[in-house]
Each structure stands twice: as structure tokens, then as C-alpha cells.
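Student: I'd like a close look at a single part of this model, the open space and whatever sits around it. Could you walk me through that in one go?

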Amino acid sequence: YANIALDFFCIVLSILPIVYLISNRRYHQKLNQFFLGVCISNILMILGDLPDWILPTAAEAPEKAVLLIATTFYYVASAFVLYFFIRYIMEYLQVTNRVKNFCQVYTLVLCSIQAIFAVISPFTKAVFYITDDGYQRGPLFLVTQFVPLLCYLLFTVLVILYRKKLRIREIVFFILYIIIPLGCGAVQMTMRGIALVNAGVTVSVLIALMNVQFEHEVIMKEQEKELAERRIDIML
């Protein structure tokens, strides 16, 4: 019951950034579109996770079908969370040329692996399978853990390479975005029964929104104001 309540609480928290991005049509900016993708994918991931706690056992065929579909949905949505956030950081850092092309291919390949393994698992039992005792981890479950790890590795490398474009505060909060989900994932792997991954991702998204996105928007408005003042000076 605690995990179910925590998941619903995370959904409510994830809706807040969506409301913020939709208001004043902030989603028209490409950067905000990627951030919106992260938030929506996170909600879908949590919705896919809920049946695992609601149906701790699956003795009936309909229960197994629901749990199978929801778990597939969960892993596919987690791939989109990773994809959109890597694209967000690339847009935020204004990554260009060969680095941009490499990052796009790298991210697409990794997230596709995550999604493909999720889709084939109901038939192959590679990553997960469903028994009368509910959700069970498959022999290739670690694949779904290494994919996020490799994505966060790329994210870390990008922050290091483009650190001169970032303020110390931005670097700190971007690093927190890495540490919190990885830490929660490590705990949940060793102590299954605690819904920490969803909470970790949600908290990280809120940290990025409050401490990075808001500041970025303030800087953009200041630049627009300066540009408008320069145009007025030229006209005068």
C-alpha cells in the first residue's frame, strides 16, 4: 500500500512540471519539448509500475495479462525517459556537429535495445515473466539496468565536456540528477519491494525544473530584454 501511495504521489508531482510547461505555451521551445517528454514518459512509466504493486500475485489469466502488458509498458516508457532527457541535456548544452550525431545514435541504439527487450520479453521471458506469484525477473534483467547506466555515463561525459558553459550550481544539480536515480535503482535491485526508482526519477525531474529550467528561462528573458533594448537604441 505504501508503494501504491508513493507511485500516485509521484504522478501528482510529475503533473506539476507539465502544467508549468503548458502554461504560457512554454512547450513551443524545443528545449521545453524534450523536458515535457521526460515528464510525460515518467508518468507513463509509473502507471506501468502500479499493477506490480496492486497485483502482488497473479493466479488468474486476466491478472497475468494485465501485469504482462503493464510491465512491458513500464520498460518501454523508461527507455523514453532516458531518450528525452539525453536530448534535453544536448539541447541545453547546445551540442553540435560530430558530438551531436554520436550522442543521437548512441542514445537511440541504447533506448531501442531497452524497448526491444521489453517488447519481446512477454514471449521470450528474457527480461521478465509472470507467474502465479506475480512479476519475476528474467535471466537478462541486467540489460535493463546497464542501459540506464550507459545513458547516465554519456550524460556525465557531456556535463564534463561542456562544463565551461555551465555554472557551478547547474553542474551540481545535473550531477544530482545522475546520482539520485542510480542510487534508488541500486537499492531497489538489492531490496525489491520498495518503489524507489520512480520516486528518484520524479525528484530528479523536479530538481532539474526548479534549479536549472527556471534559471535558464530567466536568462533567456534577460537576453530577450537586452536584444529589445538594443533594437530600440538602433531605431533611436
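Tutor: Let's fix one term before starting: two residues are in contact when they have heavy atoms within 4.5 Å. Keep in mind too that this is a predicted model.

With that cut-off, take Thr144, which touches Tyr75, Gln114 and Val127, leaving aside residues up to four places away in sequence. Thr144 belongs to helix α5. Its relative accessibility is 4%, and since buried means under 20%, Thr144 counts as buried. The side chain of Thr144 also reaches the backbone oxygen of Phe141, at 2.6 Å.

Why start there? Thr144 is one of the residues nearest the centre of the largest pocket, along with Tyr74, Gln145, Gly185 and Val197. That pocket has a volume of about 620 Å³, and 31 residues line it. By class, the lining splits into 19 nonpolar, eight polar and four charged residues. Quite a few elements chip in: α2 (30-54), α3, β2 (134-137), α5 (143-161), α6 (168-190) and α7 (196-235) each supply at least two lining residues.

Now for the closed space. Searching the whole structure turns up one cavity of 30 Å³ or more, and the largest cavity holds about 50 Å³ of space. The elements giving two or more residues to its lining are α3 and α5, with α3 giving the most, at four residues. Lining the cavity are Val81, Leu82, Phe85, Ile86, Cys151, Tyr152, Phe155 and Tyr177. In class terms that makes eight nonpolar, no polar and no charged residues. A bit of helix geometry is handy here: an α-helix has 3.6 residues a turn, so residues three or four places apart point the same way.

Since α3 turns up in the linings of both the pocket and the cavity, follow that helix along. Helix α3 covers residues 61-93, 33 residues in total, and spans 49 Å from its first C-alpha to its last, close to the 48 Å expected at 1.5 Å a residue. Right after α3 comes Gln94, with a positive phi near 55°, a positive value in a residue other than glycine. Gln94 sits in the loop between α3 and α4 (97-124). In contrast to the buried Thr144, Gln94 is exposed, with a relative accessible area of 55%.

One more backbone detail for your list: Lys125 has a positive phi of about 60° although it is not a glycine. You'll find Lys125 in the loop between α4 and β1 (128-131).

Notes. Residues numbered from 1 in each chain as written. Predicted model: local features only at pLDDT ≥ 70, side-chain atom pairs only at ≥ 80, totals over all residues. Heavy atoms only, no water. Expected span 1.5 Å × (residues − 1). 1 Å grid on protein atoms, 1.4 Å probe; cavity = no way out; pocket = protein on both sides within 12 Å on 5 of 7 lines; lining within 4 Å. Points joined across faces, edges and corners; volume = space filled by probe spheres on them. Nonpolar A, V, L, I, M, F, W, Y, C, P; charged D, E, K, R; others polar. Buried < 20%, exposed > 50% of the residue type's maximum accessible area, 1.4 Å probe, protein only. Polar contact = N/O pair within 3.5 Å; in protein donor to acceptor, adjacent residues only side chain to side chain.
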